[in-house]
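Dear colleague,

I am passing on the structure below, and my notes on what was found in it follow directly after.

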Amino acid sequence: MQYKAGLSWIGIDMNDLNKALGDISSIRRQVAHSTEFRGYGPATLACTGALAVAAAGAQAIWAPDPANHIVAYLSIWIWTAALSAGLIGTEMFARTRRIHSGMADEMIRMAVEQFLPSVGVGGLVTFVLVRFVPGALWMVPGMWQVIFSLGVFSSCRFLPRSVAVVGAWYLLTGLTLIALGDNRALSPWAMGIPYGAGQLLVAGILLVAAREGTDEN
């Protein structure tokens with residue numbers, strides 16, 4: 001009887017402990033969702049803008065006729081996107097752990113969840129156009145920018161509100177490229193200018209927000 005009573009007491013105690021841990025985890029998520037994310041480094045974002053301009057220059061040299069060299073075109077921009085994501089991700093992990101400390105894992109997860117759907121959709125749209133509608137590949141740059149804008153808009157909930165301007169920029173440039181309706185959308189600067197300017201713009205917004213936060217403190 002004493003043995004059974006002991007097991008029962010332990011069971012109740014473990015249930016209370018699990019409930020308390022669940023409550024703590026829920027509170028941590030709520031706090032993370034209401035905290036401005038500071039894991040994106042302005043300098044790194046500006047660097048990705050410079051990478052976009054460099055990629056445009058590389059395209060002008062190695063794929064001047066992208067409509068007839070679509071594999072080279074896609075390779076240049078996909079590798080540029082992968083390198084940019086690697087730079088941003090590496091700094092984001094280190095910076096978030098330094099700035100957000102105890103909430104770092106939740107903040108990182110939240111940031112990734114906001115952008116991951118856009119990355120996945122962009123990849124799937126590209127695959128479908130390449131595989132099934134090669135004649136419509138001129139739409140790729142515009143579609144990429146429209147989809148990227150959705151990721152930016154989704155991230156505005158935990159970034160400075162003015163970042164919405166960046167989302168509007170990518171939406172505008174993407175729709176403009178789609179409106180061209182032909183291979184002019186594959187021009188090197190159809191990607192270089194939107195992403196170069198867009199990344200510099202978001203870097204500037206985050207830099208100003210960081211300085212204002214420092215002044216308030």
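In what order do the elements of the protein run from the N terminus on? They run α-α-α-α-α-α-α, and the secondary structure comes to seven helices and zero strands, where helices (H or I, at least four residues) and strands (E, at least two) are DSSP runs numbered from the N terminus. Please keep in mind that this is a predicted model, in which local features need pLDDT of at least 70 and side-chain atom pairs count only at pLDDT 80 or more, whereas totals for chains, interfaces and linings use all residues. Residues are numbered from 1 along each chain as its sequence is written, and side-chain values use heavy atoms, with hydrogens and water left out.

Of the 217 residues in the protein, 38% are buried (under 20% relative accessible area, with a 1.4 Å probe and protein chains only). Among contacts (heavy atoms within 4.5 Å) with a separation of 6 or more, 79% join residues 24 or more positions apart.

The largest pocket (an open set of points on a 1 Å grid over the protein atoms alone where a 1.4 Å probe fits, with protein on both sides within 12 Å along at least five of seven lines) is lined by 38 residues, those with an atom within 4 Å of a point. A81, A85, F115, V119 and F148 lie nearest its centre. Helix 3 (70-99) gives the largest share of this lining, eleven residues, and helix 4 (104-132) and helix 5 (140-155) are among the others that each supply at least two.

Best regards

Notes
Buried means under 20% relative accessible area, exposed over 50%, partly exposed in between (1.4 Å probe, protein chains only).
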